[in-house]
Amino acid sequence: MEAQSEEIGNEEDERRGARKEMRGAPTVINCSIFIENFGSISETTMDYKVSIFMRQMWNDPRLSYAGSRQSLALDSSVIGSIWKPDLFFSNEMSGSFHSITTDNRRITVYGNGDIVYSLRLSLTLSCPMDLHNFPMDSQICRIYLESYGYTLQDLLFQWLPVNAVTFADGLSLPQFQLPRTAELGDCTKTYVTGSFTCIDAKFMLRREMGFYLIQLYIPSVLIVIISWVSFWINMNVAQARVGLGITTVLTMTTQSTGSRSSMPKLSYINAMDVWMTACLFFVFGALLEYIVVIMTAMRARSLVKTTLTKYHVSTDEGCAKWMERAQLIDNASRFVFPISFAIFNIAYWLLCLPSRGR
């Protein structure tokens with residue numbers, strides 16, 4: 001029995017060795033991408049769209065040939081008859097091939113068996129974003145290339161050593177600075193079915209602030225400054241001061257709502273929320289300041305009325321004292337509010353701008 005078990009074990013080892021020898025080394029696929037169009041980056045859906053030329057290069061000895069021609073360009077009708085890597089984009093949300101006016105696919109076979117497979121694709125890829133520092137943020141968007149059915153023992157993706165990711169001339173984005181280089185890496189993944197080859201390209205996108213400065217930051221600063229005009233209006237002109245205060249509060253509320261219209265429903269506070277909330281606090285504070293002033297002035301009038309009723313004499317001295325206090329509040333607000341807003345601005349920009357490139 002022991003001899004029989006040993007013989008069976010030896011036969012199993014021989015089978016494993018035969019399968020390993022038959023399998024051989026994994027097929028190496030050299031990949032490169034030419035980015036034709038890059039854009040439509042959405043914070044709401046956290047994705048981006050890209051049009052690319054995808055190129056894959058490998059060697060298949062079965063297709064080698066002898067002859068005077070160095071290469072053969074095969075028609076798209078025979079592409080389905082040739083083995084191709086089962087590459088897919090693991091962070092793809094949607095995608096499409098281009099077929100106008102013909103299938104935008106091509107296979108070139110060289111005499112030594114080298115194959116170049118090129119196709120044109122339009123993809124929508126997910127791009128998880130960290131918007132804590134919005135709109136002074138930088139985002140990292142990736143593209144993942146992975147094998148669907150072949151494990152590392154059969155297939156291996158790697159980036160082309162030179163010019164693996166290139167960009168079309170004049171390519172630019174309206175809201176982001178698009179770098180001309182991509183950081184390439186390996187993202188090999190292990191599942192319950194085995195380890196599968198994966199490579200990725202990382203794009204660092206830095207947001208341009210011009211739009212937000214013109215549309216949000218500068219108008220909100222002006223609204224806050226306008227709210228301070230009430231400090232120079234006579235306290236007896238209640239309609240003017242209350243009207244100015246309510247108008248600035250409503251305008252600031254509209255600005256704050258507009259700033260969130262193109263944003264997803266975040267569970268955290270970002271830099272824009274901090275700015276808009278602070279500006280709303282300042283304009284609301286200017287309105288509350290007048291309420292304090294008018295209550296102080298009413299205290300003076302109440303004091304005069306009570307004195308006249310009880311003693312039938314005027315107390316101009318007490319009334320003047322409370323009126324001076326009311327005017328003092330206005331005078332102090334003319335300096336306290338601008339200085340406080342300036343301190344807030346210094347702290348805000350010093351904290352947010354350095355983290356822009358992180």
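What span should the 18 residues of helix H2 have at 1.5 Å a residue, and how far apart are its end C-alpha atoms? The first legend answers this; all views show a predicted model.

**View 1. Helix H2, residues 210-227, and its kink.** At 1.5 Å a residue, the 18 residues of helix H2 should span 26 Å, and the end C-alpha atoms are 25 Å apart, which agrees. Within H2 there is a kink of about 30 degrees at Tyr 217, shortly before the proline Pro 219. Tyr 217 is also one of the buried residues of this helix. The others are Tyr 212, Leu 216, Ser 220, Ile 223, Val 224 and Ser 227. An α-helix has 3.6 residues a turn, so residues three or four places apart point the same way.

**View 2. Strand S1 and its pairing partners S2, S9 and S10.** Strand S1 covers residues 27-42 and pairs with strand S9 (residues 155-159) in the parallel sense over 5 bridges. Here Thr 27 has Leu 155 of S9 as its bridge partner. Strand S10 (residues 165-167) also runs parallel to S1, joined to it by 3 bridges. In this pairing, Ile 33 is matched with Val 165 of S10. With strand S2 (residues 47-59), S1 pairs in the antiparallel sense over 10 bridges. Gly 39 stands opposite Lys 49 in S2. S1 and S2 form a hairpin with 4 residues between them, and Met 46 in the turn has a positive phi of about 55 degrees.

**View 3. Phe 38 in the largest nonpolar core.** This core holds 72 residues, of which Phe 38 and Phe 203 touch the most other members. Helix H4 (residues 271-311) gives the largest share of the core, 10 residues. Leaving aside neighbours within four places in sequence, Phe 38 is in contact with nine residues named here: Tyr 48, Lys 49, Val 50, Leu 171, Ser 172, Leu 173, Leu 178, Phe 203 and Leu 205. A second, separate core has 5 residues, among them Met 235, Tyr 290, Val 293 and Ala 297. In soluble globular proteins, nonpolar side chains tend to be buried together.

**View 4. The salt bridge between Glu 36 and Arg 120.** The structure holds 10 salt bridges. In the one shown, the closest N and O atoms of Glu 36 and Arg 120 are 3.0 Å apart. Glu 36 lies in strand S1 and Arg 120 in strand S7 (residues 114-126), so the pair links distant parts of the chain, 84 residues apart. Glu 36 counts as partly exposed, at 30% relative accessibility.**View 5. A network of salt bridges linking Glu 43, Asp 137 and Arg 207.** The closest N and O atoms of Glu 43 and Arg 207 are 2.6 Å apart. Glu 43 lies in the loop between S1 and S2 and Arg 207 in strand S15, so this pair ties together parts that are 164 residues apart in sequence. The side chains of Asp 137 and Arg 207 meet in a salt bridge of 2.6 Å, N to O. Asp 137 is in the loop between S7 and strand S8 (138-147), 70 residues from Arg 207 along the chain. Glu 43 is buried, with a relative accessible area of 9%. Asp 137 counts as buried at 3% relative accessibility, and Arg 207 at 0%.

**View 6. Arg 206 in strand S15, residues 198-207.** Arg 206 is partly exposed, with a relative accessible area of 34%. The C-alpha atoms of Arg 206 and Asp 137 are separated by 6.5 Å, although the two residues are 69 residues apart along the chain.

Methods
Residues numbered from 1 in each chain as written. Predicted model: local features only at pLDDT ≥ 70, side-chain atom pairs only at ≥ 80, totals over all residues. Heavy atoms only, no water. Helix = DSSP H or I, 4+ residues; strand = E, 2+ residues; numbered from the N terminus. Buried < 20%, exposed > 50% of the residue type's maximum accessible area, 1.4 Å probe, protein only. Expected span 1.5 Å × (residues − 1). Bend = angle between axes of the 7 residues up to and from the residue. Pairing = 2+ DSSP bridges. Core = buried A, V, L, I, M, F, W, Y, C linked by side-chain atoms within 4.5 Å. Contact = heavy atoms within 4.5 Å. Salt bridge = Lys/Arg side-chain N within 4 Å of Asp/Glu carboxyl O.
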